[in-house]
Amino acid sequence: MAVLEQKVIGMTGDEAVAYAIKQVEPDIVAAYPITPQTIIVERFSEYVADGLVRTEFVAVESEHSALSACVGAAATGARAFTATAAQGLALMWEILYIASSLRLPIVMAIVNRALSAPINIHADHSDTMGARDSGWIQLYCENSQEAYDTCIQAWRIAEHPDVRLPVMICLDGFVLSHTLEDIRALPDETVKRFVGTPPEIRVKVEVPAGGGTEIVEVPYKLDPWAPVPLTMGTFAMYDCYFEYKRQQEEGMKAALKVIEEIGREYGQLSGRYYGLIHPYRLEDADVAIVGLGSAMGTASVAVDELREGGYRVGLLRIRCFRPFPVEQVKETLKNVRAVAIMDRAMSFGGPGGPLFMDMAAVFYGEARRPLLANFIYGLGGRDISVVDFKEAVKAIYGDLEAGAVREPMRYVGLRG
Amino acid sequence: MSSARLKLKDVLAKEDLLYPGHRACAGCVAASVFRMVLKATRGPAVAISATGCLEVATSILPYTSWKIPWIHNAFENAAATAAGIEAAFKAMKKRGLIDEIPDVIVFAGDGGTYDIGFQALSGALERGHDFLYVLYDNEAYMNTGIQRSGGTPRFAWTTTSPAGEEIPGKLEWKKPIAHIVAEHKIPYTATASPSEPMDLINKVRRGLETEGPAFIHVICPCPRGWRFPTNLGIRVAELAVKTCFFPLWEATCEDGDVKYRLTGTSLAIAKKPELKLPVEEYLKLQGRFSHLFRPEKRADLIQEIQAAVDANWGYVLKRAGLA
Amino acid sequence: MASKSIPFPPSWREAPMGGIAYKPSTLLRTGTWRLGLKPVVDEEKCTGCGWCHIYCPDGAANLVDGKAKIDYDYCKGCGICAEQCPAGAISMVKE
């Protein structure tokens, strides 16, 4: 199948997200502005004002209400989108769990930004890392092209009958959101055809019949015209809550395969294939850099330069952080001797950053384990350079010589 | 003006949209109110509840008491959830997927409305969503065990504003929620009491027929929290109205001007002021005010309440052009 | 297995998705809550006005053939119907 011809449009990450959502044309967008997400909301409002989309734009009065409105809309079977960052995501935290537990396929763009205090509007992953247990699928983008592409794929992933979980598309604040890139955009009809209409999910309920009850199957949505009305958001005692959580986890497990399938299908249309992980020059690597997001683009330049210098280094950019691609990570890093795990967030008091802790859990049971070294970088938008990555890798080589990781946590570019 | 008023026979002919077997307390007036409100529905409808007594009582897994589609999201976001639902149905109609937009009805208690839910309510009103918000006001956070709310009246006992040696119950006044909502300049705001069901039901119907936001504040005496025998719930509500503690009115906004109109017993009292009962008749029935009567009668505090009731009544009369 | 009911508590595989409620509350006979008093309708006095049906918190007072009839399966014995009946046709009686 030939790759489609695509228009090249100069857009920032925020604009690319807004453009993708315009092409998808969800039923509602309910959002509250917060730097660096504001351009998404503003651009989308312009599309609405110009009559380019039939989407209902709900200018909610807070992020908590933004996600609450999306929950209401998605519960009726409508497509709902929102976007936020940092404090906004923190404010929505309560509803994140409700959205995923109600199995609502909401799509949300997070423009990664540091959490207060001090208040900082620049990029780090503390906001979405704080939500990693919430049951949302988390996809981290390296560049704005990927953000555009993922905003389109997200609907098919979220709405897949085996998944039915909301999806977060993460792009680094300012680095991606406010930087111009040449975005290759699919034609409108292609996007519409790719996302299609949400597949119908049915559930069984008992209704009064005769002297007792009978089982009826109805679509999973609030529908006043349905033969049987649904009651959503119920109260569970200790006798059944646990079962619902296990059921939710099954959606996450299914998502591993679905994300790859959708990524392949999308690749056939666009020429850009996406998976759970994006390895780079890892085939014969001794040492690997592992991380998420835009800094991995910088890391790939460092890898090339190190390779020229004779170091056998590779890069593993993890795109899908939740569900964590355990088997793929084990397989890709199986011959690597040491890993520099780059965390753009901290877990205060923890044995490492969030990515480090997941990686350690992945390798714990393996017969052959690489050295795992944790590097905290980029907090509050602190820049990380090619030189910084090269020094991190050299530090790892020093660890390999010493036979152990000499410093449990290293901070890149920290003064003092 | 509204279409033809519903009569008792119309209401008696209408199917109950709440199954029996729910877990509300015996004598729970809120449950009566829910049944009355649902009797006033006119077609397809979707309900949204904030966390609270009737939310829990009607949805403990695996059972539901709801015969219309219903969602509970969280405590403070019933209005925001309703906004999303209303917008979704609007979008579906725009795309030709549905022919008509169903009625969107929020049921929230005083907790989810006066306090934690206030922001979402105010935002939804400002945005002008087409929905009806029913505040079932039992004047405390009843579901969590009778803690004070912004809707708790002054000097009422609650577990977080107990009547103790030094402090005689809640010291703050009841927030004038219905006046605040009316001043959002929404098309329809009303107060109602379960002791005047046809007045309540017709106000609900009017709210549903209104295009844009409509709000109905219903007084819901609670036998558990207000401390009175289970058979007196409607009687207590009746006295709330007869003492003008809880006047019945409706307000409409035309050309930015909010016009009040008294209804039911409150209208009768406005015409014949001698019908107004002293607030003591209302307070003495309720255990939550018993410290105003025993061991000694606190005439000073009762007088404070009376003065505030009279001031609010005077305000309502003035707004209704009947002062 | 053609079953007329879904088990509760459910296994995680059979639980209807998203925690939706899946049985009507009519299966819960809240009439067992009564503490020894039940409302009894004097059909002679009952005018069939229907107010008991309007006021009952539980929908347990219904008009059948023009007379009030209490559904003792759901009546919690609160006494609101007896208190409000304009004809004084309902009394709370020891069970």
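These exercises walk through the domains, cores, pockets and cavities of a predicted model.

**Exercise 1. Lay out the domains of chain A and say how far apart their centres are.**

Step 1. Start with the bounds. The domain assignment gives domain 1 as residues 7-195 and domain 2 as residues 277-411 of chain A.

Step 2. Take the centres over C-alpha atoms. Domain 1 of chain A and domain 2 of chain A are 28 Å apart by this reckoning.

Step 3. Look at the contact. Domain 1 of chain A puts in 23 residues, and domain 2 of chain A puts in 23 residues.

**Exercise 2. Describe the largest nonpolar core and explain where it lies with respect to the two domains of chain A.**

Step 1. Give its extent. The largest nonpolar core holds 101 residues.

Step 2. Pick out the best-connected members. Y220(A), I318(A), V329(A), L333(A) and M359(A) have the most contacts inside this core.

Step 3. Find the main contributor. Helix α4 of chain B, residues 78-94, supplies nine residues, the largest share of the core.

Step 4. Place the core. Domain 1 (7-195) and domain 2 (277-411) of chain A both give residues to it, so the core lies between them.

Step 5. Zoom in on one member. Leaving out residues up to four places away in sequence, L333(A) touches L282(A), A288(A), V290(A), L316(A), V339(A), M359(A) and F363(A).

Step 6. Turn to the second core. This separate core has 57 residues, including V163(A), I169(A), V258(A) and L276(A).

A general point helps here. In soluble globular proteins, nonpolar side chains tend to be buried together.

**Exercise 3. Find the residues and elements that line the largest pocket.**

Step 1. Note the volume. The largest pocket contains about 920 Å³ of space.

Step 2. Go to its centre. Of the 36 lining residues, Y97(A), S101(A), Y241(A), K245(A) and Q248(A) lie nearest the centre.

Step 3. Assign elements. Two or more lining residues come from each of α4 (86-101) and α8 (241-270) of chain A. The top contributor is α8(A), with nine residues.

Step 4. Sort by class. The lining of the largest pocket has 14 nonpolar, 13 polar and nine charged residues.

**Exercise 4. Work out which chains supply the residues closest to the centre of the second largest pocket.**

Step 1. Note the volume. The second largest pocket measures about 660 Å³.

Step 2. Read off the central residues. The lining has 31 residues, and those closest to the centre are G77(A), A78(A), P198(A), R95(B) and L97(B). These central residues come from chains A and B.

Step 3. Check the elements. α7 (188-195) of chain A and α4 of chain B each give at least two lining residues.

Step 4. Sort by class. There are 16 nonpolar, four polar and 11 charged residues in this lining.

**Exercise 5. Count the cavities of 30 Å³ or more, then describe the largest and the second largest.**

Step 1. Count. The structure has four cavities of 30 Å³ or more.

Step 2. Take the largest cavity. Its volume is about 100 Å³. It is lined by 15 residues, with C56(C), C75(C), G77(C), C78(C) and C81(C) closest to its centre. The lining divides into 11 nonpolar, two polar and two charged residues.

Step 3. Take the second largest cavity. Its volume is about 90 Å³. It is lined by 15 residues, and C46(C), C49(C), C52(C), A68(C) and C85(C) are closest to its centre. Its lining has 10 nonpolar, four polar and one charged residues.

Methods. Residues are numbered from 1 along each chain as its sequence is written. Chains are lettered from A and ligands numbered from 1 in the order in which they are written. This is a predicted model: local features need pLDDT of at least 70, side-chain atom pairs count only at pLDDT 80 or more; totals for chains, interfaces and linings use all residues. Side-chain values use heavy atoms; hydrogens and water are left out. On a 1 Å grid over the protein atoms alone, a cavity is a set of points where a 1.4 Å probe fits but cannot get out, and a pocket is an open set with protein on both sides within 12 Å along at least five of seven lines; lining residues have an atom within 4 Å of a point. Grid points are joined across faces, edges and corners, and a volume is the space filled by probe spheres set on the points. Ala, Val, Leu, Ile, Met, Phe, Trp, Tyr, Cys and Pro count as nonpolar, Asp, Glu, Lys and Arg as charged, and the others, Gly among them, as polar. A nonpolar core is a set of buried Ala, Val, Leu, Ile, Met, Phe, Trp, Tyr and Cys residues joined through side-chain atoms within 4.5 Å. Buried means under 20% relative accessible area, exposed over 50%, partly exposed in between (1.4 Å probe, protein chains only). Helices (H or I, at least four residues) and strands (E, at least two) are DSSP runs, numbered from the N terminus. Domain bounds come from an automatic or database domain assignment. Contact means heavy atoms within 4.5 Å.
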